[in-house]
Amino acid sequence: MSASTSAALPTKRFRPGFWTIFFGLLFIPFCIVTVMRFSKGLGAVTHLSDKFPWGLWIGFDLLCGVGLAAGAFTLTAVVHLFNLKKFEPIVRPTILTGFLGYIFVIMALMFDLGQPWRIWHAIVYWNPHSVMFEVAWCVMLYTTILAVEFAPVVLERFGFHTPVRIIHGIITPLVIAGVLLSTLHQSSLGSLYLIVPSKLHPLWYSQLLPLFFYISAIGAGIGMVILESYMSQRAFGRHLEMDLLEPLARAMVVALGLYGLMRLQAISRNGAFGAITDFTYEGRMFLVEFVLGVLLPVAMLSFRRLRTNPRWLVTGSFLAVLGFVVNRLNVSITGMEGAAGVRYVPSLPEIIISVGLVGIGMAAFALAVRYLKIFPEQTVSTEGGLGGS
Amino acid sequence: MTVGLLFDATRCIGCGACASACKEQNKLPGPVEDETSAYTWTTVQPKGDSYMRRLCMHCLVPTCASVCPVGALHKTPEGPVVYDAEKCMGCRYCMMACPFDVPKYQWDRAVPIIGKCIMCTSRVKKGEPTACAEACPASATIFGSRADLIREAKDRIRQNPSGYLDHIYGLTEAGGTSVMMLSNQPFEKLGLKTGLPSEPPAMRTWQVLSNIPDFVAVWGVFLYGVHWITARREVVSAHHPTQKTPGITDDSHTGRPS
């Protein structure tokens with residue numbers, strides 16, 4: 001991410017930067033893999049097997065896509081429920097990220113589900129004993145709520161003021177429903193793994209998995225908000241709202257610190273410290289996750305001087321997000337490999353789809369920023385005219 | 001009455017008649033494979049000087065049925081755990097969750113479904129034994145009511161304590177299963193998972209899921225309370241004579257005293 005300064009597009013003329021060209025070139029293999037996936041089945045494009053039925057698309061796209069969208073419910077709660085109005089300026093980009101994150105998850109599910117055209121079955125055939133049933137409903141309902149929360153941005157662009165007023169009128173129940181659904185959804189992704197006590201490595205298995213997923217998502221979700229402010233600052237020539245990001249970083253330190261402590265307690269209760277001291281495969285992967293995602297960010301951002309320095313703030317947030325991603329991959333892949341008796345490494349087509357979907361999300365974000373009022377200092381762009389989008 | 005199967009590894013001669021009979025009964029394509037798959041629902045594996053049959057264990061509280069979001073898997077009153085391919089959307093959570101790694105997937109199909117032993121449900125419902133039990137020339141796999149099979153297994157162990165491991169695999173594993181196994185050597189040597197908790201895994205998720213209604217009510221009221229207090233505080237501070245902070249707009253409530 002750091003190598004391209006060319007991504008800092010002036011908003012008017014189209015000059016492709018590094019990432020635009022990268023994702024543009026990825027488009028053709030993305031289409032080829034898509035056609036193969038749907039004509040020949042999952043076996044033709046993935047390294048998934050009977051021994052390892054869930055891979056990158058669940059571990060990264062689903063678990064991380066939802067988790068990193070957690071900034072949206074955190075910030076809407078902070079602004080609308082805890083009434084800390086000073087954070088209002090960064091709510092819109094956060095809701096947009098959350099919404100695009102959920103769209104990303106749904107698109108990934110279209111690839112991962114064996115028969116995605118039956119996704120509506122979850123609405124018709126109920127099994128309340130299934131965590132996946134809860135996950136399905138949370139995805140549906142929370143995506144809807146995010147869409148409604150984001151709708152005023154689009155509606156005001158086209159001058160529809162009545163629906164905007166209606167949404168403002170119901171914003172409190174809307175935000176509360178969003179926080180409830182997010183809490184359920186984030187934790188339910190951890191609950192998915194409660195069912196495999198005999199399969200998931202004791203470094204990761206715990207009856208507290210739902211709580212771990214929830215708290216770490218809040219931490220990493222805040223990290224994403226900071227990262228996103230930084231990236232849009234680079235790409236769209238904005239200033240960094242340090243007065244808002246610094247207190248957010250403090251909240252992140254608290255969330256990550258609490259999370260780290262509870263993880264260590266759970267590992268101790270499972271008697272799994274041996275895996276770390278013996279430096280086994282699982283132990284090493286745990287260290288990567290824990291040092292990158294918890295120890296370093298907490299240590300760095302505990303210091304006010306580092307927190308108020310944009311460079312350290314962004315580095316700490318980046319590490320927190322990276323550690324979060326490694327954690328989700330560890331739970332879904334590393335921790336399951338031992339019981340499966342096989343190693344799973346995603347195939348190139350699997351990676352192409354995941355990266356391609358991230359690219360689609362980033363392009364959608366860039367387009368939204370160009371045509372809608374996402375950031376406070378933007379005057380609603382009129383240069384494109386109303387037909388601009 | 002629930003039925004089940006008892007497989008006695010000390011009697012199995014490894015002929016594979018059960019696996020062939022299964023293919024025929026369930027019209028599964030291709031030859032019998034070494035491992036179970038979506039097209040081979042049971043198979044006999046040589047393990048040292050013994051043989052082990054692999055097939056769905058038909059849990060009393062099936063993990064697969066508990067995790068399926070659309071309820072495509074369920075336990076019939078007779079005992080078999082059956083699969084409704086018409087409902088399945090292919091999330092593969094059953095494969096992930098099954099403590100015995102039983103459900104398998106049609107990785108080679110564009111419209112794939114799960115494949116697993118369904119204990120010849122149609123035969124069982126008519127009171128007939130499963131195809132595999134009927135085909136076994138050595139009576140290594142026998143069919144009967146689960147209670148009778150447990151009695152039979154205990155008898156065999158009691159009558160020949162040196163010839164058997166004192167363990168009926170499936171009596172308590174994952175909460176108990178309708179398919180049970182006997183052997184003269186540790187089951188992990190035969191490729192089975194041992195040390196499974198006797199509590200059905202489904203209980204662990206239900207402990208969490210059953211709390212959701214309470215959680216939603218309490219958390220929802222709490223959040224609204226927080227909003228009510230913070231919004232009220234803003235109104236009060238805005239109209240307090242000593243600290244007047246004009247120009248606060250709050251679009252989320254209309255509590256403005258006149």
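Domain bounds here come from an automatic or database domain assignment. Keep in mind as you look around that this is a predicted model.

**View 1. Chain B comes in two domains.** Domain 1 of chain B covers residues 3-201, and domain 2 covers 211-258. Put a point at the C-alpha centre of each domain, and those two points are 59 Å apart.

**View 2. Here is where chain B meets chain A.** Chain B brings 49 residues to the contact, and chain A brings 49 residues too. On the chain B side, α2 (63-67), α3 (93-97), β6 (104-105), α7 (202-209) and α8 (212-239) each chip in at least two residues. Which of them gives the largest share? That's α8(B), with eleven residues. Sort the chain B side by residue type and you get 30 nonpolar, ten polar and nine charged.

**View 3. Zoom in on T230(B), a residue of helix α8 of chain B.** You'll find T230(B) in that helix, touching F82(A) and N83(A) from the other chain. Is T230(B) buried, exposed or partly exposed? It counts as partly exposed, because it has 17 C-beta neighbours inside 10 Å, and that falls between the cut-offs of 12 or fewer for exposed and 20 or more for buried.

**View 4. Now for the largest nonpolar core.** This core has 180 residues, and I226(A) and C94(B) are the ones touching the most other members. Helix α10 (residues 209-236) of chain A is the top contributor, giving 13 residues. Look around C94(B) and you'll spot the residues it touches, leaving aside those up to four places away in sequence: C64(B), V67(B), C68(B), L73(B), P103(B) and I114(B).

**View 5. Helix α1 of chain A has a bend in it.** This helix runs over residues 18-40, which makes 23 residues. From first C-alpha to last it reaches 33 Å, close to the 33 Å expected at 1.5 Å a residue. Where does α1(A) bend? Look at F27(A): the bend there is about 35 degrees, and a proline, P29(A), follows within four residues. After the helix comes G41(A), with a positive phi near 95 degrees.

**View 6. Helix α13 of chain A bends too, and many of its residues are buried.** The helix takes in residues 281-301. Its 21 residues should span 30 Å at 1.5 Å a residue, and its end C-alpha atoms are 29 Å apart, so the two agree. The bend is about 40 degrees and sits at V291(A). Among the buried residues are F286(A), F290(A), L292(A), P297(A) and L301(A). What covers them? The cover includes α11 (242-269), α12 (273-277), α14 (304-307) and α15 (310-340) of chain A.

**View 7. Two loop residues of chain B have a positive phi without being glycine.** S139(B) has a phi of about 55 degrees and lies in the loop between α5 (131-135) and β8 (141-145). For A174(B), phi is near 50 degrees, and its loop runs between α6 (146-159) and β9 (179-182). Why does S139(B) count as exposed? It has 11 C-beta neighbours inside 10 Å, and exposed means 12 or fewer. A174(B) is buried, because 24 other C-beta atoms lie within 10 Å, and 20 or more is what buried takes.

Definitions and conventions:
Residues numbered from 1 in each chain as written. Chains lettered and ligands numbered in written order. Predicted model: local features only at pLDDT ≥ 70, side-chain atom pairs only at ≥ 80, totals over all residues. Expected span 1.5 Å × (residues − 1). Bend = angle between axes of the 7 residues up to and from the residue. Core = buried A, V, L, I, M, F, W, Y, C linked by C-beta atoms within 7 Å. Contact = placed C-beta atoms within 7 Å. Nonpolar A, V, L, I, M, F, W, Y, C, P; charged D, E, K, R; others polar.
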